[in-house]
There are 4 protein chains.
Amino acid sequence: MRAMTIEAPVSLDNLVMSDRPDPGAPGDGEIRVKLHGSTLNFHDLGVVTGRMSADSGRIPLADGAGVVEAVGEGVSEFAVGDQVVSCFFPDWQDGGATIGDFSRTPGDGIDGFACDAVVRPATAFTHAPRGYDAVEAASITTAGLTAWRALICDGGLKAGDTVLLLGTGGVSIWALQIARMMGARVAITSSSDEKLDRARKMGADFTVNYRNDEGWGTTVRDWTDGRGVDHVVEVGGPGTLAQSIEAVRIGGHIHLIGVLTGASGEVPTAILMARQARLQGLIVGNRRQQQDFVRALDQSGIRPVIDRRFPLESLGDAFRFEMAGSHFGKIGVEW
Amino acid sequence: MRAMTIEAPVSLDNLVMSDRPDPGAPGDGEIRVKLHGSTLNFHDLGVVTGRMSADSGRIPLADGAGVVEAVGEGVSEFAVGDQVVSCFFPDWQDGGATIGDFSRTPGDGIDGFACDAVVRPATAFTHAPRGYDAVEAASITTAGLTAWRALICDGGLKAGDTVLLLGTGGVSIWALQIARMMGARVAITSSSDEKLDRARKMGADFTVNYRNDEGWGTTVRDWTDGRGVDHVVEVGGPGTLAQSIEAVRIGGHIHLIGVLTGASGEVPTAILMARQARLQGLIVGNRRQQQDFVRALDQSGIRPVIDRRFPLESLGDAFRFEMAGSHFGKIGVEW
Amino acid sequence: MRAMTIEAPVSLDNLVMSDRPDPGAPGDGEIRVKLHGSTLNFHDLGVVTGRMSADSGRIPLADGAGVVEAVGEGVSEFAVGDQVVSCFFPDWQDGGATIGDFSRTPGDGIDGFACDAVVRPATAFTHAPRGYDAVEAASITTAGLTAWRALICDGGLKAGDTVLLLGTGGVSIWALQIARMMGARVAITSSSDEKLDRARKMGADFTVNYRNDEGWGTTVRDWTDGRGVDHVVEVGGPGTLAQSIEAVRIGGHIHLIGVLTGASGEVPTAILMARQARLQGLIVGNRRQQQDFVRALDQSGIRPVIDRRFPLESLGDAFRFEMAGSHFGKIGVEW
Amino acid sequence: MRAMTIEAPVSLDNLVMSDRPDPGAPGDGEIRVKLHGSTLNFHDLGVVTGRMSADSGRIPLADGAGVVEAVGEGVSEFAVGDQVVSCFFPDWQDGGATIGDFSRTPGDGIDGFACDAVVRPATAFTHAPRGYDAVEAASITTAGLTAWRALICDGGLKAGDTVLLLGTGGVSIWALQIARMMGARVAITSSSDEKLDRARKMGADFTVNYRNDEGWGTTVRDWTDGRGVDHVVEVGGPGTLAQSIEAVRIGGHIHLIGVLTGASGEVPTAILMARQARLQGLIVGNRRQQQDFVRALDQSGIRPVIDRRFPLESLGDAFRFEMAGSHFGKIGVEW
């Protein structure tokens, strides 16, 4: 049994493999899952580099997908051989937000999925989307569900809505695919014309290279004939929020997800107020939302964008690739 | 026919009475209203002191209440003699927010109510709450409806919810009364122990003198046994928002109304995100919400708190009293 | 100036053309629209055959589309030459339902669109979807907006949801296209295998010939692996409601639109209760919903299904074709 | 250890006490509760008289309140000595409805609370309202939560709304108190002037003796000046639904709870449609709703109406009293 453990705070070079006891057989209501894939999030990077608190020796990675090896007493939702994917908040099954920390999130407050197998409550997983490999499936745990919950559950997105996406990371590219699946129009920003070109090929209706456009919020607003966009998936934070507020329509939604540009900063609150807009903080979502999301994916035929895949042994390299920031969509880890 | 007009930007000493032609008889769908009362808002102060743009010669005051003197063809909702109160956004009848400026708000983009009589579309007024005098009725146009829409329409407040109110101005005191009417628990802040005492007598469950308590957000949070409040009526803006975010529960609502502490400032967006809280910008509300609010007031027997009443001739003094900031509830003007 | 007028109650043979004065130039806030197309609804049939009350001499047809010929003072939303389509409830601009009769519906309580041109408030029309001809555009006024409001506005449909449609009339076929546009899965019923085949080619995932399947509610339920469908667009009424209740999932939505099988009948209320399902009555929708719908259609490229087109002169024949009940989608009238 | 068990179908005379083993100590995540009170519902009556299916030997009673005697590992929400009350659906913790049967409801699909003590997951109970005795607390499990969920969670009741209640049973009297607590206006029906008088003393604004008023729906509608009521708590079923539909306003809510008049019957669906009203089936509610309800009660000071109290030994008499139908509010059982 191999398992990835880290001493935090550590540099990525300190990521070492260590022995962990096999988790054994599932108890009542539990399943044993053999893991085969994960994808990286900035949250994971924060944990392994010590920016976020993680207990020493914690197994990293919040996203995990694999195959059910055994089911415990009373489990009827899964059978041996089922493809499954993990839940970011294993205790948040349904209903409104009640969790505001990561004390029970795999790869942070509890052990994650950079290991061979786990035994967990059946309610800590859902079925994987049909036809997805383990890396693809793992991408829905954090990035995919975040985009789905923001646009669909919180935002009530409908066909014809306009959506602004910031950058081409995992959440934004998932949001692009979800928005397109529901008939919405999408504007997306990047500092790379090549990435914008790629987004356009995936269905983005409007692209902005923000490097050449300091007032890109206004540019996006103009694209909507001055009406403003219905939704902004705000993965940036304070460094981009002023432009997002400029871009949003009166009564629109800004889904506040990101801290890429910092944890605190200047916000033009008077304009947010005048726009009568909603700035909705969110962290991923609940298990029922994930089940609904999987149902949507089963029907849609959408496949996530995995920029590059690393073997689990090269997890440190995978994180370094993430830090470089040149990826488009998700970074996969498989084993 | 007398009317209050101002040259903007002006000092309050430049407020002069000038002659305006009588508005005459109502046309199709219009009513003629003889005005008798108004209340002051910071918005009005902004207009008359030139902080907000107002065309030269604009008649001030957004709030107006009086008696229907005549009804035009096709008006069935009102009859001569009905007590009525004005709408802040006369064109926003129902549905989601679609207005983000004051170009059609009386006393700002169009003439207000500091005059003898007006002729307006019937849809620019609603019935006044039963038994209210003109000043009391006028207080619902801006401050009352803002509090009602925030807590009830946007926030879906229910009995047992906890509400944090900042200060004892018109919106906060209306919010206190509305929250109590619906069975909620209220915490309120002030720098004056005397005002806090008065709020407590009106039913506030918890009071905080923020002058002696820099971390009053935490104090309020502690009052809820660490759960956080369900609603914050944020009339402060960037100067208070960090404490409001500290006080709000996971998944709670912050109703962003105010610019008292500035139009822009440092906001701890990462905490807002972690709280999965909603920061909802809003400006007053629509006419249907006002109708519903009036229905609630008719049933409740609540009467608004009018701190002091000025005759229309002393409007400048009334505004000076508002600027002094020592009032509790609303400042009335009557004639 | 020609106009279609009817004496009600009348047989369709009594439909006669009569002279009406030209409506003249638009006044303030009005537009003059030259009409070119309409589509038929059962509501229209009810009016012209006298089943529903209609004043004598009323011009029929609720759906109307054409071109703006002139705009009155103060109209900024439309320009001469714009393609426009009428609103079923010209006074219901936004917000929740407030209308429960047809006293202001064109072709019923007021004159409809079976004529050359009308002058109406600009707010009685919206822009037509881009690239639609007049008949296609007219199909959104009643049938299209009904399907949109039910599934999207009331039902909050999302990708992956399952939808049950009853029959292949105008509302159901619009609902099929809308559901597909949003990534939902669709089951549809008919007594005609040919129509079911056609629906399948349009994207229906599951079809049921109810002539051979008395318990078709259970058949549809089985299709969802026993979970039940998220939405039923109930155009039948009491004759189909028991099966619809059988088919719907726990917590699902039944959008009650139709009276095809009668105005009253036996309903298994205990099962509706046990399903914790919602039976939501609705009649068409408001103007803002129509504007949102047009925006969705502009983005989607969907074109409505017009089974057959009749010249206005043959309106009686068009209604007879409707009564025959063999159509699929909408029946058009153009001139 | 005594426990009430029944052989179903049985007459109430067959209710016998039998020995059950003591449930022992709580395991992980469980609590042991010493029970002291319950209240009767028609659901319970259905179980014990065999109208609803219940396994042989089932301990009856869905409502249960008492004191925590011991807490298992990992339970932080409760401490020994806490007053607690049971959940009708112990597995439905939060979120939308997902349960459509009673297979996991105490006193039906699983053992109920007519016994000395139980060991259950902590999540099968909530805290009792402060100051309630066991019978009062037990009344919230079924009747109280049903009324709360209908009006507040599903209906979004706000001050000034109008509510129609049918009869003076447990759900209706709870609904009366909840509606009053939130500032709503209440009309209530009964065949007893004495009961109506009592309801009026509790705050009902309008009363109708339906024995003398066949068209009581219209009578209630007239009371609202023709507007119709915002909410109907429909505990009757098909026998009263036509009048409820007559009474409800356009766009209003009918909360379909009851089967007192039958499981199926004639419903005027066309009027429901024309009213654009919602008929929402529901069965009780989830645990989070119960927690919110308890919070509201803690703040309000409301005490439920317990018509009469029986000792557990006289459970058969209590059920006979329920069958007689002369009670007002709840019937208590205590031990």
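How many residue pairs are in polar contact between chain A and chain C? I counted 4 such pairs, both residues being at pLDDT 80 or more. A polar contact is a pair of N or O atoms within 3.5 Å; within protein, one must be able to donate a hydrogen and the other to accept it, and residues adjacent in sequence count only if both atoms are side-chain atoms.

I note that this is a predicted model, in which local features need pLDDT of at least 70, side-chain atom pairs count only at pLDDT 80 or more, and totals for chains, interfaces and linings use all residues. Residues are numbered from 1 along each chain as its sequence is written, and side-chain values use heavy atoms, with hydrogens and water left out.

**Chain A and chain C**

I looked up the salt bridges (a side-chain nitrogen of Lys or Arg within 4 Å of a carboxyl oxygen of Asp or Glu) and found 2 between chain A and chain C. In one of them, A:K158 pairs with C:D292, with 3.9 Å between the closest N and O atoms.

I then checked contact (heavy atoms within 4.5 Å): 18 residues of chain A touch 18 residues of chain C. A:K158, A:R295 and A:Q299 lose the most area to chain C on the chain A side, together 37% of what that side buries.

**Cysteines**

I searched the whole structure for disulfides (cysteine sulfur atoms within 2.5 Å) and found 0 over all chains. For B:C87, the nearest cysteine sulfur is that of B:C153, 13 Å away. For C:C87, the nearest is that of C:C153, also 13 Å away.

Terms used
Chains lettered and ligands numbered in written order. Buried area = accessible area lost by both parts, 1.4 Å probe.
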